[in-house]
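The report below is best read alongside the structure itself, beginning with one of its helices and then widening to the chain as a whole.

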Amino acid sequence: MQERYDASRGNSNERGYDADWQKVRAVKAAQDPLCETCARLGIDKALDVVHHIKSIEERPDLRLDMDNLQSLCTEHHEKIHKAERWRRGAPDDLIVFARIAGRFIIPRARIG
Ligand SMILES: [Zn+2]
Ligand SMILES: [Zn+2]
């Protein structure tokens with residue numbers, strides 16, 4: 001168990017993305033083939049990413065839990081992660097970037 005974990009340990013984003021995850025991801029993608037955030041806005045857009053609402057680092061026990069997964073397009077996926085980083089204390093370069101871009105990324109009440 002520990003060996004397998006060590007073998008697959010990449011950076012924090014890659015950790016835990018094994019064969020079990022591939023299976024669960026495929027089920028979720030088949031169930032919700034559209035970006036869930038776009039769908040709420042009335043837009044039909046195919047998913048690019050199956051996102052963990054609670055990150056694997058935060059809740060490794062929910063890694064394969066369907067209720068913890070969200071189908072998202074790249075754009076909405078990036079938005080969620082940017083907001084998350086902001087919430088945790090954004091790195092300076094992100095704050096500078098947000099200022100240059102002229103818009104601040106305001107974390108919504110319900111993220112994660
Ligand atoms: Zn979207
Ligand atoms: Zn994600």
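## Helix α2

Helix α2 has hardly any cover, since the count of buried residues among its 13 residues is zero. In this predicted model, α2 takes in residues 19-31 and reaches 19 Å from its first C-alpha to its last, which is close to the 18 Å expected at 1.5 Å a residue.

## Overall composition

The secondary structure of the protein amounts to five helices and two strands, and these elements follow one another from the N terminus in the order α-α-α-β-β-α-α.

Of the 112 residues of the protein, 9% count as buried. Where contacts join residues at least 6 apart in sequence, 54% of them link residues that are at least 24 apart.

## The strand pair

Strand β1, residues 49-52, pairs with β2 in the antiparallel sense over four bridges, and Val49 stands opposite Leu72 of β2 in this arrangement.

Within strand β2, which covers residues 69-72, Leu69 and Ser71 point one way while Gln70 and Leu72 point the other way, and all of these residues are buried.

## Helix α4 and the residue after it

Helix α4 comprises the 14 residues 74-87, and because each residue should contribute 1.5 Å, the expected span is 20 Å, in agreement with the 20 Å that separates its end C-alpha atoms. Just after α4, Gly89 adopts a positive phi of about 105°.

Note on methods. Residues numbered from 1 in each chain as written. Chains lettered and ligands numbered in written order. Predicted model: local features only at pLDDT ≥ 70, side-chain atom pairs only at ≥ 80, totals over all residues. Buried ≥ 20, exposed ≤ 12 C-beta atoms within 10 Å, placed from the backbone. Contact = placed C-beta atoms within 7 Å. Expected span 1.5 Å × (residues − 1). Pairing = 2+ DSSP bridges.
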